Amino acid sequence: MFDVAIDPSTIALIVVIIIAIIIVLSNVRIVPQAHAFVIERLGAYTVTWQVGLHVKIPVIDRIANKVSLKENVLDFPPQPVITKDNVTIEIDTVIYYQVTDPKLFTYGVEYPMAAIENLTATTLRNIIGDLELDESLTSREHINARMRDVLDEATDAWGVKINRVEVKNITPPRDIQTAMEKQMRAERERREAILRAEGEKKSAVLIAEGGKQARILEAEGTKQAKILEAEATKEQQVLEAKGQADAIRLVQQATADGIRMIVESDPTDPVLALKSLEAFAKVANGRATKIIIPSNIQGLAGLATSVTELIRTDEGAGTSAAPKVKKAVK
């Protein structure tokens, strides 16, 4: 083996170089995405490092704060607050915030999260103190909007942006919950009774309307039946009257035709006398008690005999009174 003599100055140089490399590497910083580093030089703020590679001056520069620029969530424990009507309730809130200015976030307030929590509690007490219990339970959107406006305005000086404030839970005292449950149960029973009454009312109205419509339709049907019956009776009477008129017309026509035929046949006096006697024989068979004989047939031979035979025939048939014969005077 060969012994190599190393100059002490070379060793010292190597040591200095190694120390320098270590110092440089220890002062090289990489800022990740959505983060920022606040740098102080000799105790005073100098710069804010954004995303990328940075080198600080040893001993002189130092990283005062590493700030996350992401949106963060703060879930505070339930806060006891008193409503306008002196009811103590517990409200659990959630805050969504984001750091917009790392410098203000670092130097604006000593403990930002504690400051936001205390500010949230005081703001919540102020808002709920102006509301009654029922309003507090039903006005979550109003409470959220007012808290966000107040907190956002107050935290601007701290470099914090309040994006959303949500009331996660509102817990009234146990006796109040029991009273509210009884109230809700009574309200539901009242609504059920109202709905049942309205249903029965509508059912009765519909039944009455149905009966009314049925009676109206029945009356209309009876009316139409009577009208049709009357029209049918009227038509039947018209047909009967027309038939009677036609029968009378036919009889009259037949009589007229018979007379015309007699006239056209130019009958002799004996024939006329014979027809007259036949007519008087028919008259004598009726209920007439008096018979007027025209004077123009008084001189006929055998008139008295014929009349006597007619009377006897009538008496033989059981006629109670014989017809009286009276001469007609011209």
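## A salt bridge between neighbours

In this predicted model, the side chains of R148 and D149 meet in a salt bridge, with 3.2 Å from N to O. R148 is partly exposed, at a relative accessible area of 30%. D149 is also partly exposed, at 42% relative accessibility.

Side chains of opposite charge can pair when their charged atoms come close. The structure holds 11 salt bridges, and the pair of R148 and D149 is one of the salt bridges described here.

## Salt bridges within a helix and across the chain

R191 and E187 form a salt bridge through their side chains, at 3.3 Å from N to O. Both residues belong to helix 6, which covers residues 174-265. Because R191 and E187 are four residues apart in that helix, about one helical turn separates them. An α-helix has 3.6 residues a turn, so residues three or four places apart point the same way. R191 counts as exposed, at 52% relative accessibility, whereas E187 counts as partly exposed, at 23%. Elsewhere, D75, D92 and K168 are joined into one network by salt bridges that share partners.

Another salt bridge brings together the side chains of R62 and E40, at 3.0 Å from N to O. This pair links distant parts of the chain: R62 is in strand 5 (residues 61-68) and E40 is in strand 2 (residues 35-41), 22 residues apart. R62 is partly exposed, with a relative accessibility of 46%. E40 has a relative accessibility of 8%, so E40 counts as buried, the limit for buried being under 20%.

## The three-stranded sheet

Strands 2 and 5 also take part in an open sheet of three strands, in the order 3-2-5 and with antiparallel pairing. Strand 3 (44-49) and strand 5 stand at the edges. Each of these two edge strands has a single partner strand, so one side of each is left without a neighbour in the sheet. From one strand to the next, the twist averages 25 degrees.

How many bridges join strand 2 to strand 5? The two strands pair in the antiparallel sense over seven bridges. Across this pairing, F37 stands opposite K66 in strand 5. Strand 2 and strand 3 also run antiparallel, and five bridges join them. Here I39 stands opposite V47 in strand 3. In a regular strand the side chains alternate between the two faces of the sheet.

## Residues with a positive phi

Most residues other than glycine have a negative phi, and most peptide bonds are trans. L42 takes a positive phi near 55 degrees. L42 belongs to the hairpin of strand 2 and strand 3, which has two residues between the strands.

V59 and N86 are further cases, each placed in a loop. V59 is not a glycine, yet has a positive phi of about 70 degrees. The loop that holds V59 runs between strand 4 (52-55) and strand 5. V59 is exposed, with a relative accessible area of 82%. For N86, phi is near 60 degrees, a positive value in a residue other than glycine. N86 lies between strand 7 (79-82) and strand 8 (88-99). At 66% relative accessibility, N86 too counts as exposed.

## A nonpolar patch and helix 1

Which residues make the nonpolar surface patch of about 310 Å²? The patch is made by I11, V15, I19 and I23. Of these residues, I19 has its place in helix 1, which spans residues 8-26. I19 has a relative accessible area of 44% and is therefore partly exposed.

## Helix 3

Helix 3 covers residues 112-128 and has 17 residues. From its first C-alpha to its last, helix 3 reaches 24 Å. This is close to the 24 Å expected at 1.5 Å a residue.

Which residues of helix 3 are buried? They are P112, A115, I116, L119, T120, A121, T123, L124, I127 and I128.

Terms used: Residues are numbered from 1 along each chain as its sequence is written. This is a predicted model: local features need pLDDT of at least 70, side-chain atom pairs count only at pLDDT 80 or more; totals for chains, interfaces and linings use all residues. Side-chain values use heavy atoms; hydrogens and water are left out. A salt bridge is a side-chain nitrogen of Lys or Arg within 4 Å of a carboxyl oxygen of Asp or Glu. Buried means under 20% relative accessible area, exposed over 50%, partly exposed in between (1.4 Å probe, protein chains only). Two strands pair if DSSP finds at least two bridges between them. Axes are lines fitted to C-alpha atoms, for helices over the stretch in contact, and angles run from 0 to 180 degrees between N-to-C directions. Patches are made of residues with over 30% relative accessible area and no salt bridge: like charges are joined within 9 Å, nonpolar side chains (Val, Leu, Ile, Met, Phe, Trp, Tyr) within 5 Å. Accessible areas come from the Shrake-Rupley method with a 1.4 Å probe; for residues, only the protein chains shown count as cover. The expected span of a helix is 1.5 Å times one less than its number of residues.
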